[in-house]
Amino acid sequence: VGLRNDGTVVTWGRSSDGQSNDAPTLAGFVAIACGSHHSVGLRNDGTVVTWGDNSRGQRDDAPTCAGFVAIACDDHDVGLRNDG
């Protein structure tokens, strides 16, 4: 997974769980993180977007609110909100 200067996400490689095919096509991302079979993107408005595997609820449980300033991803996701 790569993040371009214009804020778009680029994916490549194996996509057995949609981790490449399901990547968002919109711009406005400021950070991305990837786990084994899914990825997380942080948009410039502080919202979080997820794509890829959802076998353990790693996409269903993504927060729908804004206010995030940092993200991390492995087998689970973590986000830091602007209020600490």
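Which residues does phenylalanine 29 touch, not counting residues up to four places away in sequence? Hold that thought while we get our bearings. What you have above is a predicted model, and the mean pLDDT of its protein chain is 83, with 89% of the residues reaching 70 or more. Among the elements of the chain, strand 3 (residues 29-34) has the highest confidence, at a mean of 93, while strand 5 (residues 48-52) has the lowest, at 85.

The overall layout is easy to follow. The protein chain contains seven strands and zero helices, so reading from the N terminus on gives β-β-β-β-β-β-β. Of its 84 residues, 37% count as buried. The accessible surface comes to about 5,000 Å², and carbon and sulfur atoms account for 45% of that. If you look at contacts between residues at least 6 apart in sequence, 30% of them join residues at least 24 apart.

Now back to the opening residue. Phenylalanine 29 belongs to strand 3, and its partners are Leu3, Gly7, Val9, Pro24, Gly41, Leu42, Arg43 and Val49. Phenylalanine 29 counts as buried because its relative accessibility is 5%, and the cut-off for buried is under 20%. One of those partners deserves a second look: arginine 43 lies over the face of the phenylalanine 29 ring, at 5.2 Å from the ring centre. For a sense of distance, the C-alpha atoms of phenylalanine 29 and threonine 47 are 9.4 Å apart, with their positions 18 residues apart in sequence.

A second arrangement of this kind involves phenylalanine 68, where the charged end of arginine 81 sits over the ring, 5.4 Å from its centre. Aromatic pairs, by contrast, number zero in the structure.

Phenylalanine 68 also leads us to the interior. In soluble globular proteins, nonpolar side chains tend to be buried together. Here the largest nonpolar core has seven residues, namely Ala33, Val40, Leu42, Val48, Phe68, Ile71 and Cys73. Strand 4 (38-43) and strand 6 (68-73) are the elements that give two or more residues to this core, and strand 6 gives the most, with three. To see the core from one of its members, take alanine 33: beyond its neighbours within four places in sequence, alanine 33 is in contact with Ser39, Val40, Ile71, Ala72 and Cys73.

The loop between strand 5 and strand 6 offers two more residues to visit. Is proline 63, one of the residues in that loop, buried or partly exposed? Proline 63 counts as partly exposed, because its relative accessibility is 33%. Setting aside neighbours within four places in sequence, proline 63 is in contact with Val48 and Phe68, both of which are listed in the core. Proline 63 and valine 49 are 14 residues apart in sequence, and their C-alpha atoms are 8.7 Å apart in space.

Glutamine 58 is found in the loop between strand 5 and strand 6 as well. At 12% relative accessibility, glutamine 58 counts as buried. Its contacts, leaving aside neighbours within four places in sequence, are His38, Thr50, Asp53 and Asp77. Glutamine 58 and histidine 76 lie 18 residues apart in sequence, with 6.3 Å from C-alpha to C-alpha.

Definitions and conventions. Residues numbered from 1 in each chain as written. Predicted model: local features only at pLDDT ≥ 70, side-chain atom pairs only at ≥ 80, totals over all residues. Heavy atoms only, no water. Phe/Tyr/Trp six-rings, centres within 6.5 Å; stacked < 30°, edge-to-face > 60°. Lys NZ or Arg CZ within 6 Å of the ring centre and 35° of its normal. pLDDT = per-residue confidence, 0-100. Helix = DSSP H or I, 4+ residues; strand = E, 2+ residues; numbered from the N terminus. Core = buried A, V, L, I, M, F, W, Y, C linked by side-chain atoms within 4.5 Å. Buried < 20%, exposed > 50% of the residue type's maximum accessible area, 1.4 Å probe, protein only. Contact = heavy atoms within 4.5 Å. Areas by Shrake-Rupley, 256 points an atom, 1.4 Å probe, with all protein chains shown as cover.
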